[in-house]
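User: I am new to this structure and should like to understand how its descriptive terms are justified. Please set each value against the cut-off that applies.

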Amino acid sequence: ANLGGAHTKSLHTAPDGSVWMFKPDSQAGGARAHAEATASEILARAGVPSVPVYARKVGGKPGSIQPLVKGASTLSADPKSWSQADVDGIVRYHVAAWATGDHDGNPHNMLRTPSGGLCPIDHGQAFKFYGQDRLATDYHPNSSFGSVPVFHQAYGASKAGTLATGVTVRPEAALPTIKAFEAMPDAAYRAMLAPVATEGVKAKVHWVGPMRKAAQKRLGKTQVSDAEVAEEFLHEAVQRKNGLRSAFASFFSANGFAGGGNVVQVNGLVGQNRLICHCG
């Protein structure tokens with residue numbers, strides 16, 4: 001099967017006949033798998049369509065496993081083909097991607113489901129750049145690989161006038177996702193992320209260095225323990241979750257999108273409902 005991506009994958013048939021994809025995570029010892037699984041759960045809880053991902057071992061190897069979506073294709077790379085519903089969905093996805101520190105959401109990582117909806121996949125880079133990333137249209141850590149997040153492509157196309165006629169970036173589309181994150185209790189959010197923190201520190205993944213420096217600065221220490229680094233990661237994640245409203249209000253306003261200030265409204269947009277997962 002042509003599954004795309006840079007990492008090895010294998011297909012497995014479940015007892016019910018469904019096909020699942022396994023991605024081994026030998027380099028990170030399962031830490032990346034835990035990050036991807038947790039990101040998929042967070043997206044689902046935030047009302048953003050998400051394929052369920054689980055950290056499991058197959059053949060004794062740690063990795064992530066997820067069901068394949070039948071009849072799905074990838075989103076067209078041409079922004080002019082995107083509908084208003086597509087762009088609204090992309091804006092909502094951006095909120096979740098920033099919360100989980102995932103900067104790899106290019107069109108190939110966005111499924112077009114048989115019903116016509118959008119469903120982001122491949123969250124293997126979730127949290128990777130925590131402690132050094134920025135909420136900015138010029139922040140593309142994977143640009144050397146030709147990967148620019150789909151939301152930044154939408155913003156660029158909007159500014160260039162290359163979206164379809166009548167289609168625009170609507171900052172208020174972000175509100176349902178922002179409100180869903182705000183509704184998640186901090187303690188529950190920390191509990192979801194605990195395996196990402198502990199496994200990440202154990203495997204010394206990409207974010208450990210920046211989080212160690214952040215912990216040293218926040219705690220006023222020249223040296224910090226691994227437990228304190230893991231705690232700093234959780235602190236950053238909760239802070240980011242709780243700061244989404246103000247962060248995106250500033251982001252949209254700074255980039256000249258009309259209605260950016262509306263994101264700070266507590267009641268949100270009348271008539272906007274949470275997006276329900278339709279990846280099945």
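Analyst: A suitable starting point is Arg245, which is buried, with a relative accessible area of 11%. The model is a predicted one.

User: Why is Arg245 called buried?

Analyst: Buried means under 20% relative accessible area. Arg245 has 11%, and therefore it is buried.

User: What makes the pair of Glu182 and Arg245 a salt bridge?

Analyst: The cut-off requires a side-chain nitrogen of Lys or Arg within 4 Å of a carboxyl oxygen of Asp or Glu. In this pair the closest N and O atoms are 2.7 Å apart, and Glu182 forms a salt bridge with Arg245. The two residues belong to distant parts of the chain, with Glu182 in helix H4 and Arg245 in helix H8, 63 residues apart.

User: Is Glu182 buried, partly exposed or exposed, and how do you know?

Analyst: Partly exposed is the class between under 20% and over 50%. Glu182 has a relative accessible area of 34%, so it is partly exposed.

User: How do you know that Asp186 and Lys241 form a salt bridge, and what does the pair tie together?

Analyst: Asp186 and Lys241 have their closest N and O atoms 3.0 Å apart, and the limit is 4 Å. Asp186 lies in helix H5 and Lys241 in helix H7, so the pair ties together parts that are 55 residues apart in sequence. As for exposure, Asp186 has 35% relative accessibility and counts as partly exposed, whereas Lys241, with 1%, is buried.

User: What makes Arg218 and Glu232 a salt bridge?

Analyst: The closest N and O atoms of Arg218 and Glu232 are 2.8 Å apart, to be set against the limit of 4 Å. Arg218 lies in helix H6 and Glu232 in helix H7, so this pair ties together parts that are 14 residues apart in sequence. Arg218 is partly exposed at 42%, and Glu232 counts as buried at 5%.

User: How many salt bridges are found in the whole structure, and which residues are linked with Lys23 in a network?

Analyst: A search of the whole structure finds 17 salt bridges. Lys23, Glu36 and Asp122 are linked in a network of them.

User: What is notable about the phi of Asp122, and where does this residue lie?

Analyst: Asp122 has a positive phi of about 60° although it is not a glycine. It lies in the loop between strand S7 (118-120) and helix H3 (150-160). Its relative accessible area is 22%, so Asp122 is partly exposed; the cut-off for buried is under 20%.

User: Why is Lys204 called exposed?

Analyst: Exposed means over 50% relative accessible area. Lys204 reaches 62%, and therefore it counts as exposed. Lys204 is found in the loop between H5 and helix H6 (208-219), and it too has a positive phi, of about 55°, although it is not a glycine.

User: Why is Glu199 called buried, and which residues are in contact with it?

Analyst: Glu199 has a relative accessible area of 19%, so it is buried, the cut-off being under 20%. Its place is in helix H5. Leaving aside its neighbours within four places in sequence, Glu199 is in contact with Ala31 and His34.

User: What makes Thr100 buried, and what does it touch?

Analyst: Thr100 has 1% relative accessibility and therefore counts as buried. It is found in the loop between H2 and strand S6 (110-112). Not counting residues up to four places away in sequence, Thr100 touches Ala39, Ile42, Leu43, Ala126, Phe127 and Tyr130.

User: Which residues of helix H4 are buried, and what covers them?

Analyst: In helix H4 (residues 175-183), Leu175, Pro176, Thr177, Ile178, Ala180 and Phe181 are buried. Their cover includes helix H1 (31-45), helix H2 (84-99), helix H5 (186-203), helix H7 (226-242) and helix H8 (244-254).

User: How is the packing of H2 and H4 described?

Analyst: Two packed helices are described by the angle between their axes and the distance between the axes. For H2 and H4 the angle is about 35°, and the axes are 7 Å apart. Arg92, Val95, Ala96 and Ala99 in H2 meet Thr177, Ile178 and Phe181 in H4. By class, this contact has five nonpolar, one polar and one charged residues.

Methods
Residues numbered from 1 in each chain as written. Predicted model: local features only at pLDDT ≥ 70, side-chain atom pairs only at ≥ 80, totals over all residues. Heavy atoms only, no water. Buried < 20%, exposed > 50% of the residue type's maximum accessible area, 1.4 Å probe, protein only. Helix = DSSP H or I, 4+ residues; strand = E, 2+ residues; numbered from the N terminus. Contact = heavy atoms within 4.5 Å. Axes fitted to C-alpha atoms, helices over the stretch in contact; angles between N-to-C directions. Nonpolar A, V, L, I, M, F, W, Y, C, P; charged D, E, K, R; others polar.
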